[in-house]
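Subject: Structure handover

Dear colleague,

I am passing on the structure that we spoke about, and below it you will find my notes on what turned up. Please have it open beside you as you read, so that you can look up each place in turn.

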Amino acid sequence: MGFTFRVLGELRVFNGRAVVPITAGRQEVVIAALLLESGRLLSSDHLVRLLWGEEPPDTARTQIQICVSRLRKALAGAGIDAAIVTRPPGYVLQIGDTALDLHTFRNEVAEARTLVGEGRDADAADRLRAAVGMWQGPCLNGIPSEALMRVAQRIDEERLAATETFIDLELGLGRHHQLTAEVGRLVDDNPLRERFRGQLMLALYRSGRQAEALEVYRRGRLLLQEELGLEPGQDLRRLEQAILTDEPSLRLPASAGTASAPPAPPRPDDVAGPAETSSTGATPRQLPVDTADFVGHDALTAEAESVLTDASRRRALGIVVVSGRPGVGKSTFANRIAHRLSETHYPDGQLFCRLRGGRADPVSSREVLGRFLRALGLPGPAIPDSLEERAEVYRSLLATRRVLVVLDDAASEEQVLPLLPGGGSCGVLVTSRARLTALPGAHRVPLDILEQRQSLELLENVIGRGRVRGEPEAAEALVRAVGGLPLALRIVAARLAARPHWSLASMVQRLADERRRLDELAHGEMTVRASLSLTYDGLTQKDQKLLRLLSLAKGSTFPSWMGGALLDDPCPFPSDLMEQLVDVQMLDVAGVESAGELRYGFHDIVRLFARDRLDAESDETERRSALRRMGGAWLSLVTRAHRGYFGHDALAGSAPRWNVPESHALALLAEPMDWIESERENLSLVVEDLAQQGEDEYAWEIAVNLAPFYEARGYLDHWARTHRKALTAVRRAGNARGQAALLFSLGVLHINRRQLLEARRSLTSALEIFEAQADSTGRGMCRRNIGLIEKLVGRDEEAMQYFEQACQDFDATGQTWRRASVLVLKAGILLQRDDLEQAEADLREVLAIWTETVSKTGRARALWQMGHLHLRRGKVADALRVFEDVLRIVTDDGDVIGEGHLLHDLGRVHVRMDQPAEASSFFERAITVREHILDQPGAASVRVDLADLLLRDGRTAQAEDLLGHAVDVLRTAGLAAESERAERLLARTVVGAGMEPAAGH
């Protein structure tokens, strides 16, 4: 088949059979990115990141425009029917359905799924084989963009998945004899891919080669243990057991290979009992509280529940989309169903997220997946960066679990699709203003207004049965007047509940005076606004102002003190300011804070209404002042939380604070890390909003104060996003100090990600600014962390020079706790040099400083180095005790990075104690932790020590396998000293083969 565009292999553009030349480099990257997203809008910012990462040149957008212009000329000159259309904020590539080989491949795979559904397995297998045969090598082979290559690698995964599927189908068709050689090659090429290994085992077993099938399992198990320190997955273990016991379910049915479409071979997970819970062990229970006064929609409730509980749908995901006009009660309806089914049908948990589809800034699918993965037990550093990788991990975690996913207020199919589990054991409930008709396999439930009987029941639930039945005609007239719309009815009922001396008839009369507005209640969103205006007009001027200003808050919920900050009213009980708005249901009570005060939230329509009133009735001065007070309140709390947890202040700017009432602040910040965790969404949003609104000073100060919390919990995505937004704002404002502070913090982020070149670039830029401003504190911080980079890459002399300069900077400012942070790093080098006396003196100084400043994390780091000092002096028992104590500290704090370091050190201690079994166990645990947080260089470092241990035991082959992988990783990471040690050990495996085990350490 001839294609105009090929990406399944090297990038190629054709005009007939002639190749159209595309200039290598940037033009290649741009056309490749547009092809992968053809038909969809690709932003200029995304293209800039693909080409230059996070530090683009000032002319980046201009260069993108030039690339696009030249590509247009090249395509037009070759007579190719394709168009690159400019559409803010980027470009769309428009091509035919069969012009791109990737499109055709995916269409063929989809068609194969349809054939399987029709029972035509043989045709499906042939179609998939042909689709895989279209590939001419790895996707976009050789493209000069690391970011784009990561996307291409995920597309390569589709090829492997299609291959696995047609092998499954052909195994079911009785073609096992023909498959053994082919699948054997696939296992050799993909030795850690367990599904290929299982298929080879099944093909060999059905070919009468049971012993060879078991040998394939044994080799795979050994490889996993040596490479990753892991056992094979549950599916592979079950298949091995089934082969050992000659399980009848593994045999082909008698009809296999005949014209009648045979069933596919049993998956390994059909061999044994029910699926076990995911290894993460987390059972999320995220549903909001059920609404006690829910009424109506009985038939629709039963319809939706049948879709989510129908056993015949077990192999297909049950999806229910609840749609309807704003205010009709979609969220309440979905939440009621979710609670009814949560324990009986979805015992493994419930995930919930408000997608904010009705707002200008809906939650991205990538962010939702990050939240869900955390809820399912995945630690922050282990969460992948890209949307596609997060979706893959998410589907894997849910593959064998019965979890209900509730997606409230979805904006589009594109937002929902990545959030769908892959298997039929889960269910999905989606609410949306749109019908989402393109969501595959979804059952749609259109929600409409309440019937009169249901409306009366709702009214009784709010204001009491006695009042409603005491005035039946007035109650019916009231229901008719509001058109049965739940939101409008609840608003009116709330006013009656707040005024028990009013009769229903008097309320009907009041509504009659506003007939034109109320007549529109049954006609959509504008009528809802009219009823909201009726309530708004009944508020005092102060309450109206508060409602308007609360629309400045961006989070889904906000704390009670927010009202005081916006009104500049430091009342001792902040929730008092909100209660009048709650009484008339313009605000919702969303929960309780740690301090015992209530949290609040808007219904989306009320938020939009409040924003309209803000634009119409508040001037720029009022809005700007309120925004700054809100930013000042967040900044005040964040800086206090930083000081309370870390024992010192971060870099400070000049943004004015607004202080929350002291008793309230003390209660909120009793556990600073818990408070940051509870307000993480609001804090990220407020940084981004302040940056966007030009309040750069507030934005950068809040961001840099949050960074150490993000580091402690592994929230690297939040760290990067808030800092990028703030950095854009300070650069636009020419705020040099803000730029320096953010670049320094980004340098620390890059060090955490082992991106040492990027870290050096950021820290050097920050250092230049701090030096120009004669800022000793900032200068010292940059020098300290540049010294850390030098230490990591093995340049200890250069590192010590930077550490000495940093100490001089901090001594000049009298900041002893910052000096302590340098001494800890310096002690590591002193220990390597066997300068134990100086190292001990420095560490004792650090412990004294950090005890005085109550820095729990700092004290743990100093004790960790003290453990290394004991080890250097031969006090192995003392080192063991210290490392065990520090391991408990970091584990209690949820510090997975520190846990990996301590497990590694405990392994080294047990080597010194001549306890190889215990040492090996700690090394394997350390590898598991570091692999779990995607710290490949850290895992490689542990593998080197484990290999050394294996060499002592004479296990040369296993040590060689570990070291071969470790050398490449350490060399790539720029860790010279560690890679050299690994190479020396690797050389021993060559010259020492067949020799006696090495002597003691």
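**A small sheet and its strands**

Asp 588 has Gly 601, a residue of strand S14, as its bridge partner. Before going further, please keep in mind that this is a predicted model. The bridge just named belongs to the pairing of S13 with S14, two strands that run antiparallel and are joined by four bridges. On S14, which covers residues 598-601, there is also a pairing with S12, again in the antiparallel sense, and this one has two bridges. If you look for Phe 558, you will find that Tyr 600 in S14 stands opposite.

Taken together, these strands make an open sheet of three, in the order S12-S14-S13 and with antiparallel pairing. Strand S12 (558-559) and strand S13 (588-592) are at the edges and have a single partner strand each, so one side of each is left without a neighbour in the sheet.

**The nonpolar cores**

Which residues touch the most other members of the largest nonpolar core? They are Leu 547, Leu 550, Met 562 and Trp 675, in a core that numbers 119 residues. Helix H27, which spans residues 620-646, gives the most to this core, namely eleven residues. Trp 675 is a good place to start looking, and, when its neighbours within four places in sequence are left aside, Trp 675 is in contact with Trp 634, Leu 637, Val 638, Ala 641, Leu 668, Leu 669 and Leu 683. Another core, of 81 residues, lies apart from this one, and its members include Ile 84, Ala 99, Phe 166 and Val 187.

**The cavities**

The count of cavities of 30 Å³ or more comes to five, and the largest cavity has a volume of about 70 Å³. Among the residues that line the largest cavity are Leu 552, Lys 554, Met 562, Trp 634, Asn 682 and Asp 689. Which helix supplies the largest share of that lining? The answer is H30, with four residues, and both H27 and helix H30 (680-692) supply at least two residues of the lining. Sorted by class, the lining of the largest cavity consists of seven nonpolar, two polar and two charged residues.

**One residue in helix H10**

Leu 244 is part of helix H10, which covers residues 234-244. Is Leu 244 buried, exposed or partly exposed? Its relative accessibility is 46%, and because buried means under 20% and exposed means over 50%, Leu 244 counts as partly exposed. Leaving out residues up to four places away in sequence, Leu 244 touches Gln 210 and Leu 214. Between the C-alpha atoms of Leu 244 and Ala 213, which are 31 residues apart along the chain, the separation is 9.7 Å.

**The chain as a whole**

The secondary structure of the protein chain comes to 45 helices and 14 strands. The chain has 1001 residues, of which 54% count as buried. Finally, among the contacts between residues at least 6 apart in sequence, 67% join residues at least 24 apart.

With best wishes

Definitions and conventions: Residues numbered from 1 in each chain as written. Predicted model: local features only at pLDDT ≥ 70, side-chain atom pairs only at ≥ 80, totals over all residues. Heavy atoms only, no water. Pairing = 2+ DSSP bridges. Core = buried A, V, L, I, M, F, W, Y, C linked by side-chain atoms within 4.5 Å. Buried < 20%, exposed > 50% of the residue type's maximum accessible area, 1.4 Å probe, protein only. Contact = heavy atoms within 4.5 Å. 1 Å grid on protein atoms, 1.4 Å probe; cavity = no way out; pocket = protein on both sides within 12 Å on 5 of 7 lines; lining within 4 Å. Points joined across faces, edges and corners; volume = space filled by probe spheres on them. Nonpolar A, V, L, I, M, F, W, Y, C, P; charged D, E, K, R; others polar.
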